[in-house]
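Please find below a colleague's note on the structure, set out as numbered points.

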Amino acid sequence: MSGDFLPENSIMVGCGAVGLDFLATVAAYPKPDQKIRSTSFKTEGGGNAGNALTCAARLGLKPRIISKVADDTQGRGILDELQADGVDTSFMVVSKEGTSPFTYIIVDSQTKSRTCIHTPGFPPMKREDLPESSVLSALNGTRIAYFDGRLHETALVLANEAVKMNIPILMDAERLREGLDELLKVTDYVVCAAQFPQAWTEAATIPKALVSMLLKLPKVKFVIVTLGKDGCVMLERSANEVRSTEEEMDVDKLLESLETRKNGSICTRTCISSVISATKLRAEGIGTICGRLYIGTAENIPPSELIDTTGAGDAFTGAILYAICANFATEKMLCFAANVAAAKCRALGARSGLPRCNDPRLATFMQ
């Protein structure tokens, strides 16, 4: 079914975090010195890159992953799980000694929140771990490259080579990290967490921050900021210049009007997008960009069905990767990604709930 939309080349490459998640569900988050019991427990693969590429693989892409684990029980389990989902691990670096990365995750049944305690792998990945021949082989024939901001030295080598080969890049900007600015300069698409745009630009509002990002990053075609249960906001650069006589619109006021339209909509779909034609969008004190502003809504999941939000952002990103390769229209892309993320939230862990391309919940997108 996924082949109906995907081009012949559905190979992609991703570089970033993998690990093992130890997920304990509790009735309520414990207080200091309190002893409680878990109501359920699960061990499952994790890490932003591992999760996003697993999602992309289940939807129909053929991902190659670049990261590092140790030759221990956890590392072998990480590789086995990725391979079982169709992720190519032949470019992974495996250290003979050390420990693989892992994360303790406490899932609060009351608030549906999750608390993560991460332990990085050792030894860390270094640039020399991946020879140039492997870089070229990993990028050969790929449709798109993905980075989650980690392993920045290796990622930047891959990114610069991808640019030379005209391979577009999607960056998952979760938070400020070392080397992130260099990666963003060569990126074509950005998906970021709620706090990132303002933290990176120091703009007063998210809409202003998105305008600032497009002005600072002339190669970027769109920026999406994910807002959890509040959906997402996307600013897409216009490929065509707007007439010089076109009146400028204040980007904050435009977002307010789109929010009003969203709240007044009687549409029964679980995800809708509000959009106006490309126009001049002005961010006071920052500048003007020609583009389109979108709002995507998240699915309103009944409390009885909402199990765990761990990895929801990674699922959203994995779906965006698929949608780009499948040439989805923007509105369809945002709806699709929201549906994939919602499916993930109905199971414990970052991967158990990830849907496959033949999932009935995605049927309307795969026709």
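**Strand pairing and helix environment**

1. I begin with one residue pair: I11 stands opposite K62 in β4. The model is a predicted one. The two strands concerned, β1 and β4 (residues 62-66), run parallel and are joined by five bridges.

2. Strand β1 also pairs with β9 (residues 144-147), again in the parallel sense, over four bridges. Within that pairing, V13 has A145 of β9 as its bridge partner.

3. As for its surroundings, β1 (residues 11-15) has four of its five residues buried, so the strand is largely enclosed by the rest of the structure. The term buried here denotes under 20% relative accessible area.

4. An open sheet of four strands follows the order β3-β2-β7-β8, with mixed pairing. Its edge strands, β3 (40-46) and β8 (114-119), each pair on one side only. From one strand to the next the twist averages 20°.

5. In this sheet, β2 (residues 19-26) and β7 (residues 102-108) run parallel and share seven bridges. A24 has I106 in β7 as its bridge partner. Helix α2 (residues 73-84) packs on the sheet and touches β2, β3 and β7; the direction of α2 makes about 90° with that of β2.

6. Helix α7 (residues 206-216) is mostly covered, with nine of its eleven residues buried. The buried set consists of I206, P207, K208, A209, L210, V211, S212, M213 and L214. At the start of α7, the backbone nitrogen of K208 lies within 3.2 Å of a side-chain oxygen of T205.

Technical notes:
Residues are numbered from 1 along each chain as its sequence is written. This is a predicted model: local features need pLDDT of at least 70, side-chain atom pairs count only at pLDDT 80 or more; totals for chains, interfaces and linings use all residues. Side-chain values use heavy atoms; hydrogens and water are left out. Buried means under 20% relative accessible area, exposed over 50%, partly exposed in between (1.4 Å probe, protein chains only). A polar contact is a pair of N or O atoms within 3.5 Å; within protein, one must be able to donate a hydrogen and the other to accept it, and residues adjacent in sequence count only if both atoms are side-chain atoms. Two strands pair if DSSP finds at least two bridges between them. Axes are lines fitted to C-alpha atoms, for helices over the stretch in contact, and angles run from 0 to 180 degrees between N-to-C directions. Contact means heavy atoms within 4.5 Å.
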